[in-house]
Amino acid sequence: MQTLGKKIEEKPWIGWVVFIITIIVVFLAGLFTYSIVERRTEAQFVFQPATDLDPYEPRLEEWGRAFPRQFNTYNRMSDTTYVSPTLGAPKEDLLEKNPNMVILFAGYAFSVDYNLARGHYYSVTDVHETLRTGAPMEPDEGPMPATCWTCKSADIPRLMADLGPDEFYSHTWAEMGPEVVNPIGCVNCHDAETMELRISQPALIEAFERRGRDITQATHQEMRSLTCAQCHVEYYFGQNNRLIFPWDQGLQAAEVEEYKDAIEFADWIHPLSRAPMIKAQHPDYEIYEKGIHAQRGVSCADCHMPFKTEGGVKYTDHQVQNPLNNISNACQTCHRQSEAELTRNVVSRHQDVQQVRDRLENALVKAHLEAEFAWNEGASEEQMAPVLQNIRSGQWRWDYGAASHGGPFHAPQEMMKIFGTGLDYAQEARVELARILAQLGHTGEVPLPDVSTKERAQAYLGIDLEQRQREKDEFLRTVVPEWLQEADERYSRWDAGESSPSGS
Ligand code: HEC
Ligand code: HEC
Ligand code: HEC
Ligand code: HEC
């Protein structure tokens, strides 16, 4: 074989051909790079605010005029046909699926009605429809305070600014019904003027302050999780129904329990065991923070709101959903494994965690029923005190894990720790119960009622679902349309310039 150099020496024109081809290749490569840079610029253009939105505009379609891509992907959340291999279908009746929950939540609204969440698009409708909010026919009726609305709507930043948080929390849920009609929206996460991410939830800002941190100093990557931490967190209603994130001692199950023990807090007294219970909400952020993705600096938005490219424009997919329905954009930007492999990874973590959760759950149901039996047999307050404390601690851990629907994938080890320690508390309670029953002269099996279906468990607790459903239907038929009409009249005034969302 001759070398190229030798060939060129023999026939100089070959050198010119190579030279010209090189120039053409370099030119084309240059063009290609330019087009990539240009697309980048296009992508950046999307970030340029082109709006004169009111700072508190709650209506998504108003924002959608300036940002159609984000608005259109947001609207895709209306489609709830996706069924997750681990979490099941949206709006699924969780009590039907898991009747244990009826017993665990006995005496609390979650034992009446509990569906799997459908997503941001439905946040207001679902709150209207759930039996947990009751059927208030008058503004001062109903079981819930306005605080319930805090995490549900794009109207909240406006109302917080208008009324101030304290006054907002002091109202009933029904009083705020006509004001809160837009689902979770743009203004919950964005500053209307700059489109920067923004925290609009007073409780999150306050929780950071109490931990000595100024949330306005958070990094951009932190903000891509903190916008979610406005709502996907553990909380409780303090004095005058003030919304509080109980993070003063730390964010983890045992630390939050310490905080609530210190203020002797109970959400309700369990009617069977008489234990002073604490309800966990949805500590998605807290548990996520313990996982490997958080430790490597990955944010919620990386998986739940990944970038998407359309016609050369790169933008953020605003269809916040289960990432298993979007693995190519949500995972494969960082992982090169196949969709099937990544799904298997998620499912196997979920199933492993579920096994421990199931054991804890069964132990707690038995503990409540055995405690009820012990009271009936004449156990004393003094005898029962340590049992009730253990039931409280065990169920707190069960709930802290169970209410975090993504937890088994977000942080499987942390979930194993929470459920594992919870199981220890629950079994401790049952060992003590056996001892107490023996002292009372009962050494045989405790006869347990049949609570194996939602219907049987609810019948055992005396819950009349039909009556509540009739009242709810009446409420949805008469009251909700009035609320919506009142909101439409408000928009007409805004659009006519008589007033504005900012209250001017
Ligand atoms: C739950 C919080 C949340 C809501 C609600 C939300 N966004 Fe976003 N938005 C984000 C995040 C996170 C980003 C990525 C920002 C970043 O990393 O700089 C983003 C980015 C954007 C951007 C910048 C360009 C882009 O696509 O990355 C625009 C414009 C935008 N959103 C518009 C909207 C509009 C319009 C709505 C209402 C229909 C909306 N957003 C609702 C969280 C939200
Ligand atoms: C203003 C409060 C709020 C903010 C901000 C918020 N969420 Fe939500 N999110 C909710 C509520 C409430 C629901 C349940 C709505 C329903 O189904 O009726 C929900 C539902 C979801 C769901 C559907 C399923 C489920 O089990 O809850 C996912 C996934 C989700 N949110 C992720 C996120 C992510 C990721 C962010 C940040 C980018 C975020 N959310 C920001 C309040 C919020
Ligand atoms: C922004 C980058 C990024 C994205 C997006 C991402 N991951 Fe990861 N993932 C990581 C990093 C970093 C680790 C830690 C491994 C390491 O450091 O070597 C990790 C670890 C994992 C692990 C092993 C950790 C464990 O639980 O034991 C699994 C499984 C995984 N990712 C699955 C997924 C899935 C499924 C998705 C999409 C829903 C996803 N990842 C999205 C970066 C990412
Ligand atoms: C590395 C990717 C990744 C990150 C980062 C991530 N998630 Fe998830 N998330 C998932 C996956 C995958 C699932 C489904 C898990 C399963 O099926 O067991 C999920 C499930 C959820 C669910 C339940 C969804 C449903 O349909 O019921 C919520 C809510 C949620 N995540 C919120 C968050 C929040 C809030 C953050 C940040 C604090 C976050 N996630 C960060 C991948 C991620």
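## Hairpin, ligand shells and cores

Strand 5 (residues 307-310) and strand 6 (residues 313-316) run antiparallel and are joined by four bridges. This is a predicted model, so keep that in mind throughout. Within the pair, Phe-307 has Thr-316 of strand 6 as its bridge partner. Two residues sit between the strands of this hairpin, and Gly-311 takes a positive phi near 50° there.

Zooming out, the domain assignment splits the protein into domain 1 (4-47) and domain 2, the latter written in two pieces, 60-322 and 337-492. Taken over C-alpha atoms, the centres of domain 1 and domain 2 are 57 Å apart.

Now for the ligands. Here's how the shells around ligand 3 and ligand 4 are made up:

| Ligand | Residues in shell | Nonpolar | Polar | Charged |
|---|---|---|---|---|
| Ligand 3 | 16 residues | ten residues | four residues | two residues |
| Ligand 4 | 25 residues | twelve residues | eleven residues | two residues |

Around ligand 3, the closest residues are Arg-296, Pro-323, Cys-331, Cys-334 and Asn-345. Helix 15 (292-295), helix 16 (300-304) and helix 18 (339-376) are the elements that each put two or more residues into that shell. Helix 18 has the largest share, with three residues.

Which residues are closest to ligand 4? They are Thr-86, Tyr-288, Cys-300, Cys-303 and Gly-406. The list of elements giving two or more residues to this shell takes in helix 12 (220-229), helix 14 (284-288), helix 16, helix 18 and helix 20 (407-410). Here helix 16 gives the most, with four residues. Helix 16 and helix 18 thus turn up in the lists for ligand 3 and for ligand 4.

Helix 18 comes back once more in the packing. The largest nonpolar core has 85 residues, and Leu-364, Ala-367, Ala-371, Ile-391 and Ala-426 have the most contacts inside it. Ten residues of this core come from helix 18, the largest share. Take Ala-426 as a close-up: setting aside its neighbours within four places in sequence, Ala-426 is in contact with Leu-360, Ala-363, Leu-364, Ala-367 and Gly-394. Of these partners, Leu-364 and Ala-367 are also among the residues with the most contacts in the core.

There's also a second, separate core of twelve residues, and its members include Trp-63, Tyr-74, Cys-186 and Val-187.

Key
Residues numbered from 1 in each chain as written. Chains lettered and ligands numbered in written order. Predicted model: local features only at pLDDT ≥ 70, side-chain atom pairs only at ≥ 80, totals over all residues. Domains from an automatic or database assignment. Near = placed C-beta within 6 Å. Nonpolar A, V, L, I, M, F, W, Y, C, P; charged D, E, K, R; others polar. Pairing = 2+ DSSP bridges. Core = buried A, V, L, I, M, F, W, Y, C linked by C-beta atoms within 7 Å. Buried ≥ 20, exposed ≤ 12 C-beta atoms within 10 Å, placed from the backbone. Contact = placed C-beta atoms within 7 Å.
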